[in-house]
Amino acid sequence: MSSPTGPASGLPVRMPRPRQPGRHRRPEPLAAPEGAPALVLAVPGTPTAATRSLAEEVVSIARSELPGLDARIGYLDGGDGEFPALQTVLSRAADERTARYEQALAAGTEVKEPDGPVAVVVPLLAGPDSALLRRVRQAVMDSRVAAELTDVLGPHPLLAEALHVRLSEAGLARADRARLFTVATAADGIILASVGGEEAVQAAGITGMLLAARLAVPVMAAALDQEGSISSVAEQLRSSGSQQLALAPYLIGPEIEAELVESAAKEAGCAAAGALGAYPAIGKLALAKYTTSLGIAPQQAQGTPVL
């Protein structure tokens, strides 16, 4: 028992923890605004079970970063069944928004008629690919839905981090530069393989500079879809003193056949790391494109310290 003036037993009273003031105060968790547009991930390439698993992991990461997010997946080469086409997903999102509004009116609820974009479409591409982006834009137009299309995910420091991790997983780079332990198969020159022509090579080169800073080895970008580009860059690296090369795909995965990466590594005479895949940064960057489009202040997808 305790009296109005304190605990009768002499035990301390647990007081509520005061809210921390000032700039060290913990930020309020960000949540998707009510009625916010859907995030629709536009997935290129031939739909497969592996592609779907990758895309689902990406949207799962985005949802975990922004509770309440309506995240969906549309395939550029999809149909109406297991792999819904992008325009089908957009049309469905528009129909559902209209249905919610009509149901609210029928229930006598005062609601504002929905306006603004139905969805924000985020291409699942690390770098620019004009042919694929043209197809995404056309699919959005064909849907006749008010939707915003964002830019691709890169260049970004988080993609350099993802490339570093994929190289280390393949035994082609040190996992942690700070610890300075050696890897016998570590590469002393990296070919950053992109698709999308010269524009994609230039964009990959920006992330390549960030990767070079992490690994302290030269990194040069080349185009998988330009004949002779990979072998030419491999020759440049070797002529500048690199002896043990590695190929790092600047790709998420679905946008190109895996065999092309394998043949490019053979052409360059080196080993290859895996594609970026569903590395957590991919989901965070997709969400950052969405929140930036809507003017929501993102708390994630910021540059992280060098490993």
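This section describes the cavities, pockets, helix packing and backbone geometry of one structure. The model is predicted.

A search of the whole structure finds 2 cavities of 30 Å³ or more. The largest cavity holds about 40 Å³ of space. Its lining consists of L125, A126, G127, S194, V195, Y250, L251 and E255. By class, these divide into 5 nonpolar, 2 polar and 1 charged residues. The second largest cavity has a volume of about 30 Å³. A42, P44, L76, P123, L124, L125, L132 and V136 line this second space. Here the lining has 8 nonpolar residues, with no polar and no charged ones. L125 appears in the linings of both cavities.

Open pockets were examined next. About 410 Å³ of space lies in the largest pocket. The lining of the largest pocket comprises 21 residues, and the closest to the pocket centre are G253, P254, I256, E257 and A258. Two elements, helix 1 (49-65) and helix 7, give two or more residues to this lining. Helix 7 spans residues 258-268. By class, the lining of the largest pocket has 12 nonpolar, 6 polar and 3 charged residues.

The second largest pocket has a volume of about 350 Å³. E34, G35, R97, R100, Y101, A104, V111, K112, E113, P114 and D115 form its lining. The class count for this pocket is 4 nonpolar, 1 polar and 6 charged residues. Among the charged residues in the lining are R97, R100 and K112. E34, E113 and D115 are charged lining residues as well.

Helix 6 covers residues 229-239. Buried positions in helix 6 are S229, I230, V233, A234 and L237. Viewed down the helix axis, these buried residues fall within an arc of 130°, so they line one face of helix 6. An α-helix has 3.6 residues a turn, so residues three or four places apart point the same way. The buried residues of helix 6 pack against three strands and one helix. The strands are strand 7 (189-194), strand 8 (219-223) and strand 9 (245-249). The helix is helix 7 (258-268). Helix 7 thus has two roles in this description: it packs against the buried residues of helix 6, and it contributes two or more residues to the lining of the largest pocket. After helix 6 comes G241, with a positive phi near 115°.

Aromatic pairing is represented by 1 pair in the structure. Y75 and F83 form this pair, with an edge-to-face arrangement. The centres lie 5.3 Å apart, and the planes meet at 90°. Both Y75 and F83 are buried.

The loop between strand 6 (147-149) and helix 4 (157-169) holds T150. T150 has a relative accessibility of 12%, and therefore counts as buried, the limit being under 20%. Beyond its neighbours within four places in sequence, T150 is in contact with V120, V121, V122 and P123. K289 and S293 are further contacts of T150. P123 also belongs to the lining of the second largest cavity. P155 is found in the loop that holds T150, between strand 6 and helix 4. The peptide bond from G154 to P155 is cis, with omega near 0°.

Positive phi values were also found in residues other than glycine. R144 has a positive phi of about 60°. R144 is placed in the loop between helix 3 (130-143) and strand 6. The relative accessible area of R144 is 79%, so R144 is exposed, the limit being over 50%. A216 likewise has a positive phi, near 60°, and is not a glycine. The loop between helix 5 (197-215) and strand 8 is the place of A216. With a relative accessible area of 62%, A216 is exposed. Strand 8, which bounds the loop of A216, is among the elements packed against the buried residues of helix 6.

How values were computed: Residues numbered from 1 in each chain as written. Predicted model: local features only at pLDDT ≥ 70, side-chain atom pairs only at ≥ 80, totals over all residues. Heavy atoms only, no water. 1 Å grid on protein atoms, 1.4 Å probe; cavity = no way out; pocket = protein on both sides within 12 Å on 5 of 7 lines; lining within 4 Å. Points joined across faces, edges and corners; volume = space filled by probe spheres on them. Phe/Tyr/Trp six-rings, centres within 6.5 Å; stacked < 30°, edge-to-face > 60°. Buried < 20%, exposed > 50% of the residue type's maximum accessible area, 1.4 Å probe, protein only. Helix = DSSP H or I, 4+ residues; strand = E, 2+ residues; numbered from the N terminus. Arc of directions from axis to C-beta. Contact = heavy atoms within 4.5 Å.
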